[in-house]
Amino acid sequence: MRKISIYRKITGCLAFILLGIALTSNASAAGTVHNWYCVHEKDHVQPRAGQELLFVEKYDGYYIDHRHASQEDADKVIYLTFDAGYENGNVAKILDTLNEERIPAAFFILGNLIVKNTDLVRRMVEEGHTVCNHTVRHKDMSGADEAGFLKELQELEQLYREKLGVELSRYYRPPEGRFSQNNMENAKKNGYQTIFWSFAYPDWDNAKQMPDATAKKIITENFHNGEVMLLHPTSEVNARILKDVIQCAKDEGYRFGTLDELTGKTDARTAE
C-alpha cells in the first residue's frame, strides 16, 4: 500500500508539472507546444484532457470515447494501444497473449521496428491488429512545419508499404505526446486522425520497472469506460501481467474495441 501511495504522490506531481508545461507559452515556428495529459478522478470516472488541450477534438483528435462515458452503461469498452519502437522479446510475448485472449489492439510503430522486425510487424497485421504511425524516427514533431511533419509520417508509410506490401493505417500518435495546433491541422488536412490516450503509466524504461502487482493495481484501478489505454510492449512487466489485466477487464464487464470503432468508422463489436 505504501508503494501505491508513493506512486500516487509521484504521478500527482508529474501531472502538476505537465500542467505547468502545457500552460507555458512555449512557442515555436509551428505554434505553441503542448504536452498531452489527462486529469484523473476516483471511482473509475472517465478522465478529461486539460482544458487547454480540448481543441484537439476539432482536428480529428481522440483520447476517449465520449459515447461510452459512464460506468453504468450496459456496454463498456477499452481501446488497447501500444507504442512500439523496437523488439526485445516482450513485443512477441504481448502478441502471444493478445492472440490467446482474442483481443484486438493498435500498435503505433517506428521505422526501426519495420526494418529490423518485419516478420513481427507482419504478424500484427495477420492477427488482426491495427498498425499505426508513430513517425519513422520518433522525432519531436511539435516544431515541425507541414513539410517536415509529413516527411516523418510518409517515410514510415513508404517503408511499411515496401516491406509488407500493404498500406499503413492513417492513425497517428505524436512521439512523447508533444504537439502543436499546426500538427493537428496538418494531420487532419492530410487524412490522418491523431490518437492520444486517457491512461498511461511509467512503463517504458526496463531499467525502472515497478513490481508486477503494483503495475497491475495501477492499471486496473484506473479502468474507465471509453478508455484509450497506452502501454509499451517492450516492458517486461507488461508482458507478464497483460493476461491478468485483460481478465480483470473482462470480469468487470469490459470488452476491447478497435480504433475504427473509436473514430466512428465502424460500430461493429470486435471482441467478446
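**Figure 1. A salt-bridge network links Glu100, Glu101, Lys243 and Lys250.** The view is taken from a predicted model. One link in this network pairs the side chains of Glu100 and Lys243, at 3.6 Å from N to O. Glu100 belongs to helix 2 and Lys243 to helix 8 (residues 236-251), so this pair ties together parts that are 143 residues apart in sequence. The two partners differ in exposure class. Glu100 counts as exposed, because its relative accessibility is 54%. Lys243 has 38% and therefore counts as partly exposed. In general, side chains of opposite charge can pair when their charged atoms come close.

**Figure 2. Asp96 and Arg123 form a salt bridge.** The closest N and O atoms of Asp96 and Arg123 are 2.6 Å apart. Asp96 lies in helix 2 (residues 90-101) and Arg123 in helix 4, so the bridge ties together parts that are 27 residues apart in sequence. Asp96 counts as partly exposed, because its relative accessibility is 33%. In the model as a whole, 20 salt bridges are counted.

**Figure 3. Strand 14 is covered on both faces.** Strand 14 spans residues 254-257. Tyr254 and Phe256 are buried on one side. Arg255 and Gly257 are buried on the other. Strand 14 runs parallel to strand 7 (residues 76-84), and four bridges join the two. In one pairing, Phe256 of strand 14 is the bridge partner of Ile78. Arg255 also takes part in a salt bridge: its side chain meets that of Glu261 at 2.6 Å, N to O. Both Arg255 and Glu261 are buried.

**Figure 4. Helix 5 packs its buried residues against helices and strands.** Helix 5 covers residues 146-164, 19 residues in all. At 1.5 Å a residue, these should span 27 Å, and the end C-alpha atoms are 27 Å apart, so the expected and modelled spans agree. Which residues of helix 5 are buried? They are Phe149, Leu150, Glu152, Leu153, Leu156, Glu157, Leu159, Tyr160 and Leu164. An α-helix has 3.6 residues a turn, so residues three or four places apart point the same way. The helical partners of the buried residues are helix 3 (111-116), helix 4 (118-126) and helix 6 (181-189). Their strand partners are strand 8 (106-109), strand 9 (130-133) and strand 10 (171-172).

**Figure 5. Glu167 sits in the loop after helix 5 and touches Tyr160 and Arg161.** Gly165 follows helix 5, with a positive phi near 75°. The loop that holds Glu167 runs between helix 5 and strand 10. Is Glu167 buried or exposed? Glu167 counts as exposed, because its relative accessibility is 52% and the cut-off for exposed is over 50%. Leaving out residues up to four places away in sequence, Glu167 touches Tyr160 and Arg161. The side chains of Glu167 and Arg161 are joined by a polar contact of 2.7 Å. Val131 is 36 residues from Glu167 in sequence, yet their C-alpha atoms are 9.4 Å apart in space.

**Figure 6. The whole chain holds nine helices and 14 strands.** The chain has 272 residues, and 51% of them count as buried. Among contacts with a separation of 6 or more, 72% come from residues 24 or more positions apart. The accessible surface of the chain is about 12,300 Å². Carbon and sulfur atoms make up 51% of that surface.

Definitions and conventions: Residues numbered from 1 in each chain as written. Predicted model: local features only at pLDDT ≥ 70, side-chain atom pairs only at ≥ 80, totals over all residues. Heavy atoms only, no water. Expected span 1.5 Å × (residues − 1). Buried < 20%, exposed > 50% of the residue type's maximum accessible area, 1.4 Å probe, protein only. Contact = heavy atoms within 4.5 Å. Polar contact = N/O pair within 3.5 Å; in protein donor to acceptor, adjacent residues only side chain to side chain. Salt bridge = Lys/Arg side-chain N within 4 Å of Asp/Glu carboxyl O. Pairing = 2+ DSSP bridges. Areas by Shrake-Rupley, 256 points an atom, 1.4 Å probe, with all protein chains shown as cover.
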